[in-house]
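Please look over the sequence and the structure below before reading on. The explanation starts at a turn between two strands and moves from there to a sheet and to a group of charged side chains.

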Amino acid sequence: QLQLVESGGGLAQPGGSLRLSCAASGLPLDYYEIGWFRQAPGKEREGVSCISGFDGSTNYADSVKGRFTISRDNAKNTAYLQMNTLKPEDTAVYYCAAVMAPPYCTTLIPSHDMDYWGKGALVTVSS
């Protein structure tokens, strides 16, 4: 069984940066597609980014493209989401999730296709 734990959330000012980590245990992440999702108050969960365990390819939601970067370090069994130029509308609980491919991260993977989830990390962007 794969367990995922997010960390690195907190308060950031508009224009600031945060890096979220998703530490995995129980199984190696190598062959899993990893996704980051977020859910803002009163809104549905949305996909933010994903990274393939097959070829390292990545995809991003239009709202974060150019500002967020997803990465993974299989040796550390950890995935990351570097968030730069943060905006108040980025405020949400951020979740990492994983699924053994297929599906592949050729586009953002829908949340209902993900098999494993962390409990989330709160990111608040406010001055």
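In the hairpin of strand 7 and strand 8, where four residues lie between the strands, Asn77 takes a positive phi near 55 degrees. This is a predicted model, in which local features need pLDDT of at least 70 and side-chain atom pairs count only at pLDDT 80 or more, while totals for chains, interfaces and linings use all residues. Residues are numbered from 1 along each chain as its sequence is written, and side-chain values use heavy atoms, with hydrogens and water left out. Strands, like those of the hairpin, are DSSP runs (E, at least two residues), numbered from the N terminus.

The two strands of this hairpin pair in the antiparallel sense over six bridges, where pairing requires that DSSP finds at least two bridges between two strands. Within this pairing, Ser71 stands opposite Tyr80 in strand 8. In general, strands of a sheet pair through backbone hydrogen bonds, either parallel or antiparallel.

The hairpin belongs to an open sheet of four strands, which follow the order 1-3-8-7 with antiparallel pairing. Its edge strands are strand 1 (3–7) and strand 7, each of which pairs on one side only. Neighbouring strands of the sheet are turned by 15 degrees against each other on average, direction ignored, the axes being lines fitted to C-alpha atoms. Strand 3 and strand 8 are joined in the antiparallel sense by six bridges, and here Ala23 stands opposite Thr78 in strand 8. Strand 1 and strand 3 (residues 18–25) also run antiparallel, joined by five bridges, with Glu6 opposite Cys22 in strand 3. Five of the six residues of strand 8 are buried (under 20% relative accessible area, with a 1.4 Å probe and protein chains only), so strand 8 is largely enclosed by the rest of the structure.

On strand 7 (residues 68–73) lies Arg72, which leads from the sheet to the charged side chains. Which side chain of opposite charge is nearest to Arg72? Glu33 is, at 5.2 Å, and Arg72 is buried yet has no salt bridge, a term that asks for a side-chain nitrogen of Lys or Arg within 4 Å of a carboxyl oxygen of Asp or Glu. The side chain of Arg72 instead reaches the backbone oxygen of Ile51 at 3.4 Å, and a polar atom of this side chain also lies 3.4 Å from the backbone oxygen of Ser52. Beyond its neighbours within four places in sequence, Arg72 is in contact (heavy atoms within 4.5 Å) with residues including Leu29, Tyr32, Thr78 and Ala79.

Elsewhere, the structure holds four salt bridges, and a network of them links Arg38, Glu46, Arg67 and Asp90. Arg38 forms one with Glu46, the closest N and O atoms being 2.6 Å apart; Glu46 is partly exposed, at a relative accessible area of 35%, whereas Arg38 counts as buried at 5%. Arg38 also meets the side chain of Asp90 in a salt bridge of 2.9 Å, N to O. This pair links distant parts of the chain, with Asp90 in the loop between strand 8 (78–83) and strand 9 (92–100) and Arg38 in strand 4 (residues 32–39), 52 residues apart. Asp90 is buried, with a relative accessible area of 0%, and its side chain meets that of Arg67 in a salt bridge of 2.7 Å, N to O. Arg67 lies in the loop between strand 6 (58–60) and strand 7, 23 residues from Asp90, and Arg67 is buried as well.

Conventions: Buried < 20%, exposed > 50% of the residue type's maximum accessible area, 1.4 Å probe, protein only. Lys, Arg positive; Asp, Glu negative; His and termini not counted. Polar contact = N/O pair within 3.5 Å; in protein donor to acceptor, adjacent residues only side chain to side chain. Axes fitted to C-alpha atoms, helices over the stretch in contact; angles between N-to-C directions.
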